[in-house]
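User: Hello! I would enjoy a close look at a single part of this structure, taken slowly.

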Amino acid sequence: MNTKKKILASMIFILILVTGVFWFNPEEPLNQDMLIVTAVPSDIDLLHDDLGIDGRYVPRAQIIAHDIHDQENDDLILTEEFYSARSPEVSYDGKKMVFAGQKDKEATWQIFIKDLESLQVTQVTQSPVNCTDPAWLPDGRIIFSRLNKEESGGQIHVLYVCNPDGSNKKRLTFHPNSDISSSVTNDGRIISLSEQKYPNPGIKQIFALRTDGTKFELFYKSIQQKIPVSRCWEADGQIYFIEQEMPLVGRRELVTVAFGHPLSSWKSLSADDPGEYHSLYPLNMDQLIVAYRPERTKSFGLYVFNTKDKKTENLIFGKDDFHLIEPVILTSRTMPLKLPEIVDEAKVKGTLLCHDAELSMMPVEGFDEKKLKIHKVQVFGLDRMLGEVPVEEDGSFYIQIDADTPVRFQTVNADGEILRGPSAWIWVRPNERRSCIGCHEDRELAPENKVPDALYNGMVSLPEGTKTEAIVLSDK
Amino acid sequence: MNKLGRRILFLGIPLITVGIIFYSGHQWGVRHAKYITGGTPHPSNCISCHFYLDQDAQVAQMLDRAYVSPFKMLVSPDGKSLFVTAHESNEFVIVDLESGKVKTKIPVGKWPHSISVSRDGKTAYVSNHWSQSVSVIDIDSEKVIDTIEVGNGPSDLILDENNEFLYVNNSFAGNLSIININEGKEFRRIPTGNYPMGIAISPDGGKVFVTHRRAKPEGFRKSPITELVVVDTRYKRVTERKEIHSAHIMENIDLTPSGDLALFTLIRPKNLVPSTQIERGFMITEGIGIIETHAGGKVAQLLLDEPNRYFADPYDIVVAPDGEKAYVSHAGVDYVSVLDINEIRKILAENNQDELNRIANHLGMSSKFVIKRIQTGPNPKGLTISPDGQYVYIAERFADEVSVLDTRSMKIERHIDLEGPRTITQVRQGGRLFYNAGRTFQNQYSCSTCHPDGAEDGLTYDLTGTGRNLENTITLRELSNTSPFKWNGKNVSVYMQCGMRFSRFVTRTESFTPDELNALVAFIFQKLENPPNPFQLPNYELTEVQKRGKAIFERTKTNDGREIPEKDRCITCHPPPYFTDRSSANVGSGFETDTEEIFDTPKLNNIVDTAPYLHDGRAKTLEEIWTIYGGEDFHGYVNDMMKMELNDLIEYLRSIGPAHTYKFEESSIKEASNE
Amino acid sequence: MNRPVQKRFTITTLIILMLGGGIFLGFSLKKTLHFPVGGMASSENFDGAKAFKTTNPAKIQELKIYDSWKHYTTKEGLPSNKINTVRVDGNRVWIGTDKGLALMENGKIINVLKEEDGLAHHNVVTIDVSPMTGDVWIGTMSGLNRYSAGKFETFNQFNSGVPNDVIYQVYCIDKYVWLATGGGAGCYDTYSQQWKIFTEMNAPMHEPWTYGISGGDGKVWIAAWGGGIIEYELETAQMRDYIDPDGEMEIDLFPDDGLVHDITTGSSYENGILWVGTYFGMSRYDGTRWKGYFDHDSGLASNFINFTKAQGTAVWLCTDNGLSNFNGQTWVTYRPVEESTKGEVIITEGDKKRTLTTSTSMSNNYLWGMDYDEEYIWLATAKGLSRGEASGKLMAKATQ
């Protein structure tokens with residue numbers, strides 16, 4: 001064979017090779033748009049799910065993938081190697097799934113990531129205690145709730161963040177509240193169901209905070225003695241979640257609030273529906289997938305819910321012997337904004353500037369006019385009073401407190417009589433400077449454009465006797 | 001050496017040489033870029049700076065496109081034509097609404113701003129914002145038939161009901177030109193307030209309402225108070241000055257058909273509030289102002305924002321002919337809000353003035369009267385409504401389009417193409433970013449909110465959130481070649497200024513991507529020019545007073561013959577063309593709220609327009625820089641001067657115009673010296 | 001002898017001399033007093049004998065006699081009885097006192113404005129109303145105010161180009177606001193917000209101290225202390241001065257050779273006549289000839305003139321001893337009768353004089369300023385504001 005022929009043959013060979021490589025495409029185990037869902041044996045009572053420590057850790061649950069386009073396809077179990085697994089969330093690029101799993105019956109719950117292309121599973125947390133309720137941050141990190149044993153006595157779920165490999169784990173919430181079912185809104189903040197546990201139990205509300213644990217504030221609170229019980233999902237400017245009537249084990253309905261003004265836009269989408277809702281996932285502009293059952297004796301199945309007509313439409317996936325809950329769709333999603341972080345771990349304190357402690361929606365009864373004027377604010381930690389702070393004529397006060405330590409406030413008049421409080425718990429992160437407009441004021445009020453007197457009249461460092469820490473001026 | 005060796009040598013040496021040159025060149029380029037951008041981590045390349053950022057770069061000019069940029073609009077009285085001002089192409093555009101096509105484009109003055117049309121629809125009057133004139137256009141012949149001289153910065157304008165007098169806001173001069181239409185010239189000019197912008201006339205023609213962009217100079221650390229001025233059309237005099245508290249940037253105004261309410265857009269800034277956060281409207285809130293026009297009527301402000309969602313830069317407002325609805329364009333978020341005027345009436349009826357003052361800060365109020373939010377194209381500016389009220393036309397400035405909103409379906413029905421260039425240059429993209437709030441937490445404000453039209457809002461902000469190092473907003477016009485930036489001169493580049501730290505402490509959300517930053521900087525450097533300075537004579541000559549002032553500006557000896565050290569001469573730190581030596585100095589302007597006494601030397605181009613002065617805006621006027629804050633000749637030698645001489649100096653400062661006029665001066669001087 | 005006693009003595013002597021002179025010349029008083037108030041051709045070389053023949057009523061403005069007076073004091077709501085200035089503005093009257101600014105409408109004080117309202121200083125010295133914008137410009141002892149639609153704006157030497165904060169007179173003409181201040185005259189262009197200052201450095205003055213400003217027909221006249229009158233042409237910005245040619249401080253050596261004295265306190269211009277008030281008499285200039293008037297040779301109430309205001313072809317002069325109204329021929333001088341509420345009206349024409357009494361009078365003889373409307377004259381006196389009304393009764397009596 002002469003050289004020319006050799007060259008020709010080798011060229012043909014290379015061509016075949018290249019074409020072969022081009023056409024060879026191993027079938028993906030999971031098609032896009034597949035439904036990923038937690039399947040819980042129907043003999044397990046889900047009514048107490050999300051309602052406390054025990055209900056979160058359901059046994060024998062599995063995460064499965066179901067093809068909604070081709071019902072003939074067998075469902076794939078994605079967590080076969082787990083004793084129990086739940087709470088899946090697909091990454092924004094639609095390529096990975098984070099979930100909470102229990103390797104065996106005695107093991108603690110941990111956070112895992114499953115690569116939905118290679119189907120490889122990697123463990124994120126290596127915690128001696130339970131870690132659940134994972135969600136993706138837009139920067140690729142994972143947030144989750146960790147069951148801590150706190151000084152305040154009880155066990156509470158505390159919100160943490162870490163890298164996908166489990167490194168750089170940081171605590172985000174510092175109050176004696178249990179924070180669960182977190183998700184990320186399009187503005188980049190985390191919203192969680194938060195329930196005060198100490199000193200006296202409160203009721204669940206939805207709180208928002210930034211991804212560095214700063215600017216923790218109320219996002220939604222029911223005005224009808226109802227409590228949010230599911231993870232929230234945002235779609236088309238609306239936040240959807242399940243709310244349960246009190247007392248416990250009351251009716252569960254599907255509700256929505258406008259993301260823009262959640263405190264004043266509550267709407268029930270299933271008011272007339274005798275059925276029961278468990279969890280949901282936004283399908284498109286007008287439709288949700290809901291975990292729903294027409295009556296309590298049945299297991300939860302997945303239905304399409306039309307948000308315009310406020311009606312549950314067809315069942316898309318149901319199994320009599322399983323509750324099908326926590327649906328997500330295997331697809332890429334709009335990435336929320338990545339929020340910059342201002343926490344300076346080298347600092348040990350943060351500041352709080354209250355513009356007007358007099359501004360409140362809480363009435364004070366049993367005092368005449370003269371005694372209503374706030375003279376001081378008492379600042380409490382978990383176990384003691386940290387100190388008293390004078391209140392300026394305009395109602396403002398300015399304190400520097402130990403970072404990552406829960407505090408709450410109580411206002412007193414010149415005679416030392418308590419006017420309002422104690423308030424809900426708040427905290428500041430190291431080097432955080434947070435402000436509040438009033439004390440239990442209307443949460444939709446923006447501040448008046450004025451310089452609070454306290455800004456120049458000196459900042460009080462608490463606990464009493466501790467030194468004021470120099471503030472790093474956050475100029476741009 | 002064999003053949004192969006020679007070949008290797010022949011090919012290898014040049015390759016190695018090129019490699020070495022390329023590598024070292026690249027290394028040098030990276031160091032240079034790091035220095036220029038202040039080490040801002042972003043993959044810059046030679047082109048991004050040297051092609052786009054240099055104002056005088058030929059390449060930048062070659063790459064630029066003549067965009068139309070529709071600004072304000074008006075529908076002809078017969079509803080058949082749409083008149084549009086094209087502020088970048090300096091044209092008056094007539095659109096045939098039946099075909100939805102551009103009929104003609106008529107060249108007018110610089111930055112055509114607003115339009116008013118005679119009742120018969122035959123004559124249009126267009127204010128030329130940067131030409132101090134009004135173009136009179138004959139609609140039938142499609143020609144400019146007259147150009148009437150008015151004051152500085154003509155913006156919104158309105159004809160009275162008999163087409164006898166035309167009222168024109170002179171924004172930069174702070175007054176109102178009243179033009180006698182029959183005589184075709186100015187009849188009178190009356191002072192209004194600080195930077196008049198919006199104008200409307202009552203249905204009975206008896207009153208003209210003027211809103212303002214900037215607040216009254218109330219003094220250091222006072223909440224802004226901006227005026228709404230009422231002019232009596234019979235006597236042509238200001239008869240009322242309503243004070244709108246804690247608000248400014250009142251860009252446009254419209255009245256209900258019955259004339260009982262005047263509605264105008266506004267911004268409620270929080271410049272006195274320590275900026276520790278953006279959440280809960282801690283930096284800027286946006287809304288509308290409403291006045292009941294009858295004697296002793298209420299004054300209300302209602303926010304269009306929501307607690308977690310802001311609608312930045314409300315610009316234009318139009319009331320439907322039936323008086324039921326009003327439409328507001330939000331230039332910063334590409335939305336139009338639809339307001340229910342009856343709900344607004346209810347709010348006015350149910351609340352006394354004190355309650356109205358309280359709810360002016362309530363972010364939940366919008367849910368009571370905003371009935372729809374409609375997404376638009378980039379940077380919706382002017383709005384106009386068809387005589388039958390069926391269509392609202394929205395000028396999408398950065399799309400070179402007008403979108404048509406059907407008020408029955410409340411949907412954008414179609415887009416009218418104003419035939420601008422299809423390509424979006426990097427500079428154009430930068431413009432979109434500059435005027436958009438997408439890179440601020442919850443879209444609370446855009447760059448242009450505090451820098452309207454690239455200038456400044458005249459307020460001092462507490463950006464450190466501690467009451468320290470307060471900062472007077474500085475103009476971004478003619479920023480190129482004036483680094484470093486920021487009052488303390490810390491930021492060596494705009495990349496640094498608008499980079500990561502900016503997003504951490506000012507916008508508090510995801511920062512600009514490197515490409516966005518390139519585009520933004522390109523736009524700022526190339527497009528944010530200063531308007532012509534009316535106090536500059538043609539050919540940049542000086543009046544006698546200005547000459548005397550210039551002599552003082554450049555003097556080397558005091559009146560009593562003492563030598564002024566070079567460092568203390570005005571001209572040393574403020575040399576043309578930018579009137580800054582780009583260094584920092586202590587001019588005795590450090591106050592109790594400052595941690596440093598040394599500040600960046602500001603440029604002086606068009607300083608007449610940039611009150612208040614000094615780094616924290618303490619000096620309300622140029623005079624106060626020396627009469628109150630000059631100290632013992634810290635800020636140049638002035639204590640030996642008589643009042644008359646200070647006036648001369650100030651007249652010279654007031655005449656300092658755009659930098660390019662001094663480049664011209666410099667080159668002509670060079671030419672002269674060469675001859 | 002102290003000053004008022006001296007004045008009384010001079011006036012009494014003058015009256016005696018005139019009466020005596022009249023009898024000596026054989027005129028019958030009855031006949032002499034048969035003249036209309038006003039009605040003479042001109043005051044040049046006036047003598048009683050010619051008076052009746054050369055009457056040319058067309059040129060001479062008839063003077064009213066104000067015989068009914070009403071007083072406004074702190075009782076009526078004024079902030080002080082020391083009234084520095086008064087300015088009529090349509091149906092409103094602005095009153096400047098040493099303790100604030102008052103606004104009167106339909107005879108009632110409806111508003112009193114002080115520093116806390118934005119007034120530059122409590123001592124209001126001068127007020128003018130811009131005919132173009134209707135804005136009220138207020139000069140005080142410490143700065144200038146613009147009062148527009150109920151809101152003040154302050155201009156002083158710290159925040160603007162105002163020459164000096166002590167402002168003696170403000171005068172609005174076209175788009176300009178002119179000031180006479182302790183540190184020179186100032187001109188503010190309301191269109192361009194530019195200031196011009198005129199002092200001895202750039203104008204024919206001896207020192208920067210200026211007392212009065214008036215204008216008309218494209219000219220402005222600055223009354224400069226010791227510098228006479230400076231005429232400024234608005235269009236050409238040309239300036240010239242008018243001074244006392246004899247330069248004598250005490251007496252006017254050569255009558256009618258020019259301005260009576262260089263220490264001018266104010267001027268006023270109307271119908272082509274410029275009236276100049278000084279502390280040593282009054283001058284009238286018709287564009288070609290100057291004529292001087294003094295208390296000893298005319299009906300002028302006093303040589304010490306605080307304020308000058310033209311009305312048509314006549315002038316009002318506010319002095320330290322009453323008010324004079326002069327039409328070029330006839331003087332009508334008003335002053336209160338001491339230790340009574342009555343007043344006297346002295347009508348003088350040349351050497352002929354008649355004194356009439358009125359049951360009411362201005363509240364004080366020391367006058368700082370005045371203004372008029374169709375019905376009334378308003379006087380700023382050292383002891384309250386006085387409003388004079390011409391009932392016509394005294395007029396008839398005077399012309400019998």
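How many bridges join β23(C) to strand β24 of chain C, and in which sense do they run?

Analyst: Happy to help! This is a predicted model in which local features need pLDDT of at least 70, side-chain atom pairs count only at pLDDT 80 or more, and totals for chains, interfaces and linings use all residues. Residues are numbered from 1 along each chain as its sequence is written, chains are lettered from A and ligands numbered from 1 in the order in which they are written, and side-chain values use heavy atoms, with hydrogens and water left out.

To your question: β23(C) and β24(C) (residues 322–326) run antiparallel and are joined by five bridges. Strands here are DSSP E runs of at least two residues, numbered from the N terminus, and two of them pair if DSSP finds at least two bridges between them. A hairpin with two residues links β23(C) to β24(C), and C:Leu323 of β24(C) stands opposite C:Cys318.

β23(C) also pairs with β22(C) (residues 305–311), again in the antiparallel sense, over six bridges. There, C:Phe307 is the residue opposite C:Cys318. Two residues lie between the strands in the hairpin of β22(C) and β23(C), where C:Gly312 takes a positive phi near 65°.

Now the surroundings of β23(C), residues 314–319: six of its six residues are buried, meaning under 20% relative accessible area (1.4 Å probe, protein chains only). One side carries C:Ala314, C:Trp316 and C:Cys318, the other C:Val315, C:Leu317 and C:Thr319, and both faces are covered.

How values were computed: Buried means under 20% relative accessible area, exposed over 50%, partly exposed in between (1.4 Å probe, protein chains only). Helices (H or I, at least four residues) and strands (E, at least two) are DSSP runs, numbered from the N terminus.
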